[in-house]
Amino acid sequence: MEAGNRHFRGKYDLFTIYLVPGLTIFLASLGNWFDTNLSVLGNTGGRRGLLMLWGWITGIYYYRYMLYLFQLGRYRGAAGRWLLAAAGIFIMTAVVIPYLPEQEPGEAALHVILAFFSPILLAAALVAFLRDLSVKNRRLFREAWGAMWGIAALSLVLLFAAGFITSFLELFLVIGTCGFLRHVERILLRQRSRITGH
């Protein structure tokens, strides 16, 4: 779908470039990016509605965008689809559960577990998908592998440097994943245009 030097437009660019990063930045900007996180910010000052809105939009966005990429890449693997669905359910459930460690420690712990494992499940779905694509064309997707492992490595550095999940880490992970999915879409559309000649 990309001809000559025409600017690439992804199917979900409204969400990828504006809505999901914008909501994430707005929520993170309600506090210091390095000494708090979205869970804390979203559960104080009457902001639970904003956190739930962010979590549901982000979860649905990742789920729909990944399904679209699965379609483009002709991915039929059940594992990737189950992992993707679980990632979406985890984040959308996490934001509904209050994070109030002092008043409701049990619910807060469940919130943390679901929020922590959601991006891990999403990464596992991406690994399953990229493995399938790489079997068909290893060279074409080498750069995508590098980008994904780069995001993962830098996320771990940010986590260990701060000692906990900060808003800055969450910003990096959300925006990095948005950019990564758009990059994979671009690769897949280039590949399809080469095959079809369009």
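These legends accompany several close-up views of a predicted model.

**View 1. A salt bridge joins helix α1 to helix α7.** Here we look at D13 and R182, whose side chains meet in a salt bridge with an N to O distance of 2.8 Å. D13 belongs to helix α1 (residues 13–28) and R182 to helix α7 (residues 167–196), so this contact ties together parts of the chain that are 169 residues apart in sequence. Both partners, D13 and R182, are buried. The model has two salt bridges in total, and the other one is shown in the next view.

**View 2. D132 and K136 pair up within helix α5.** This salt bridge links D132 to K136, with the closest N and O atoms 3.2 Å apart. The two residues are four positions apart in helix α5, which means about one helical turn separates them. Are D132 and K136 buried or exposed? D132 has a relative accessible area of 27% and is therefore partly exposed. K136 is partly exposed as well, with a value of 49%.

**View 3. Five residues make a nonpolar surface patch.** Stay with helix α5 for this one. V112, I113, F116, F117 and I120 together form a nonpolar patch of about 410 Å² on the surface. One of these residues, V112, sits in helix α5, which spans residues 105–136. V112 counts as partly exposed because its relative accessibility is 41%, a value between the 20% and 50% cut-offs.

**View 4. Helices α3 and α5 run roughly parallel.** A helix pair is nicely summed up by two values: the angle between the axes and the distance between them. For α3 (residues 48–72) and α5, the axes come within 11 Å and cross at roughly 15°. An angle under 35 degrees counts as roughly parallel, so that is how α3 lies relative to α5. The crossing of α3 past α5 is left-handed.

**View 5. Helices α4 and α5 run roughly antiparallel.** Now the partner of α5 is α4 (residues 78–94), and the two axes come within 8 Å while crossing at roughly 155°. Why is this pair described as roughly antiparallel? Angles over 145 degrees fall in that class, and α4 and α5 are therefore roughly antiparallel to each other. As α4 passes α5, the crossing is left-handed.

**View 6. R74 has a positive phi in the loop between α3 and α4.** Most residues other than glycine have a negative phi. R74 is not a glycine, yet its phi is positive, at about 50°. You will find R74 in the loop that connects α3 and α4. With a relative accessibility of 60%, R74 counts as exposed.

**View 7. F70 is a buried residue of helix α3.** F70 has its place in α3, and its relative accessible area of 0% makes it buried. How far is the C-alpha atom of F70 from that of E185? The separation is 9.7 Å, although the two residues are 115 positions apart along the chain.

**View 8. G22 is a partly exposed residue of helix α1.** G22 lies in α1 and counts as partly exposed, at 34% relative accessibility. Its C-alpha atom is 9.8 Å from that of W54, a residue 32 positions away along the chain.

Methods
Residues are numbered from 1 along each chain as its sequence is written. This is a predicted model: local features need pLDDT of at least 70, side-chain atom pairs count only at pLDDT 80 or more; totals for chains, interfaces and linings use all residues. Side-chain values use heavy atoms; hydrogens and water are left out. Patches are made of residues with over 30% relative accessible area and no salt bridge: like charges are joined within 9 Å, nonpolar side chains (Val, Leu, Ile, Met, Phe, Trp, Tyr) within 5 Å. Accessible areas come from the Shrake-Rupley method with a 1.4 Å probe; for residues, only the protein chains shown count as cover. A salt bridge is a side-chain nitrogen of Lys or Arg within 4 Å of a carboxyl oxygen of Asp or Glu. Buried means under 20% relative accessible area, exposed over 50%, partly exposed in between (1.4 Å probe, protein chains only). Axes are lines fitted to C-alpha atoms, for helices over the stretch in contact, and angles run from 0 to 180 degrees between N-to-C directions. Angles under 35 degrees count as roughly parallel, over 145 as roughly antiparallel, 65 to 115 as roughly perpendicular and the rest as oblique. A crossing is left-handed if the near helix is turned anticlockwise from the far one by less than a right angle, and right-handed if clockwise.
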